[in-house]
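Trainee: I have a model open and want to practise reading it. Can we go through it in short steps?

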Amino acid sequence: MNDTASQRHRPNRLGGRRRGTAATVTAVAAAVVAGILAPAAASAAPRPDVVQQRLDALVQKDGVPAALATVKGRDGRTRTYTAGVGDVATKAKVPVDGQVRIGSNTKSFTSVVVLQLVAEGKVDLDASVDTYLPGLVRGDGFDGRNITVRQLLQHTSGLPEYVNREGVLNNPKQYLEPRELLDVALAQKAHFAPGTQWEYNNTNYLLAGMIIQKVTGRPLGEEITKRVIDRIGLRHTYFPVPGDMTIHEAHPKGYQPAADGSLRDYTELDPSWGWAAGAMVSTNTDLTRFYGALLGGRLLPAAQLAQMRTTVPADSIAPGVRYGLGLMSRPLSCGGLAWGHGGAIPGYETFGGTTEDGRSVNIAVTTITGDGGGEGGKHADQAVDEALCR
């Protein structure tokens, strides 16, 4: 999810706080895909595959236990890659296109459902939170009557963060109800007046998930499954039901470094604290399909997709990055934009993006890259940009 705050302070970390001017936000991920290499001529020596080289470097130089990638190129073909080991104890191979926890990519799924409800006339982006959750959001410097649904999705509400990074790392199997999480945020002071700044904040999507449940009368996971996962045939993606701490299909184990330098296994954890902001499990290939379907107009009417892609500056993430409604854009070194999100949750971090012409890339690594103070996340972003731009 947006997940764990790191020394690099990437916005898709747990509880990562960031302030900007006007609006910005999350995740890191919007670097992108696909310049998959065409096969070399029979008479020529094989060209090194840049994606494989970059994954190998993430393992060998940045120290991630495993790296996985899916790239859809200009030719429409999809290729998968792995590097490292899927289990540091047994040295088992990394499952090809294995499932991982996708962290804050969940926000894009949640935003899609909200925008579908907008298209159905059941939610108004510029209505107050109080319209749907009357009296719920009251606190020191904030009031749900003065915060809009749009400001939740764009991280401009000024609400404080609910995620307690150390609490999650120390007790990863604790189950938490959405209302318990919200109470943590409501006990704090507002960070700024709604609409005046940007700050990446999981509380915004916690409330978005609660609005979905209130409007539909159904659990959030059911709505995401029906409206997104089943609709576009994501066969390896799911929203965990309460109490489910496992990853269902073949997957690499996820780790975080302990104080003594050893790796602690966080593969099994209760993602309830991430909920609408970061609980989901998927594969790189399913993520490329999701963002491709989203940008291709298969999940939202044109008017709502345009709203989702209406962005504000998020330069505090990286120069040129902008944030829309659960969707980020990032300039590519070769020109044009990559769209996506990315996410981090103990044990896993994802990076990626999709272009207007359908190229796509997603990379997953089996640790949060900033926790060791290294630059693995920056290198992963560079890898997806290079894969797209060659």
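Trainee: Which residue in β17 is the bridge partner of G352?

Mentor: Keep in mind that this is a predicted model. Strand β16 (residues 348–354) and β17 run antiparallel, joined by six bridges. Within β17, the bridge partner of G352 is N362.

Trainee: Which residue takes a positive phi in the hairpin of β16 and β17?

Mentor: Look at the link between the two strands. Five residues lie between them in this hairpin. The residue with a positive phi, near 95 degrees, is G358.

Trainee: Is β17 mostly covered or mostly open, and how many of its residues are buried?

Mentor: Take the two sides of β17 in turn. S360, N362 and A364 point one way and are buried. V361, I363 and V365 point the other way and are buried too. In a regular strand, side chains alternate between the two faces of the sheet. Strand β17 (residues 360–365) is thus mostly covered, and the buried count is six of six.

Trainee: β17 also pairs with β2. Which residue stands opposite S360?

Mentor: β2 and β17 run antiparallel, with six bridges between them. Opposite S360 of β17 stands K72.

Trainee: T70 is in β2 as well. Which side chain does the side chain of T70 join in a polar contact?

Mentor: T70 has a relative accessible area of 0%, under the 20% cut-off, so T70 is buried. Beyond its neighbours within four places in sequence, its contacts include R79, N284 and S360. D97 is also among them. The polar contact between side chains spans 3.4 Å, and the partner is D97.

Trainee: Now S282 in β10. What distance separates the C-alpha atoms of S282 and V100?

Mentor: S282 is buried, with a relative accessible area of 1%. S282 touches G98, Q99 and V100, among others. Its side chain also makes a polar contact of 2.7 Å with the side chain of T237. S282 and V100 are 182 residues apart along the chain, yet their C-alpha atoms are separated by 5.7 Å.

Trainee: Last one, on helices. Which way does α1 run relative to α12, parallel or antiparallel?

Mentor: Helices α1 (residues 50–60) and α12 (residues 376–389) pack with axes 10 Å apart, at an angle of about 175 degrees. An angle over 145 degrees counts as roughly antiparallel. Therefore, relative to α12, α1 is roughly antiparallel.

Trainee: What kinds of residues form that contact?

Mentor: From α1 come V50, V51, R54 and L58. From α12 the list includes H379, A383 and E386. The contact divides into two charged, two polar and six nonpolar residues.

Methods: Residues numbered from 1 in each chain as written. Predicted model: local features only at pLDDT ≥ 70, side-chain atom pairs only at ≥ 80, totals over all residues. Heavy atoms only, no water. Axes fitted to C-alpha atoms, helices over the stretch in contact; angles between N-to-C directions. Helix = DSSP H or I, 4+ residues; strand = E, 2+ residues; numbered from the N terminus. Parallel < 35°, antiparallel > 145°, perpendicular 65-115°, else oblique. Contact = heavy atoms within 4.5 Å. Nonpolar A, V, L, I, M, F, W, Y, C, P; charged D, E, K, R; others polar. Buried < 20%, exposed > 50% of the residue type's maximum accessible area, 1.4 Å probe, protein only. Polar contact = N/O pair within 3.5 Å; in protein donor to acceptor, adjacent residues only side chain to side chain. Pairing = 2+ DSSP bridges.
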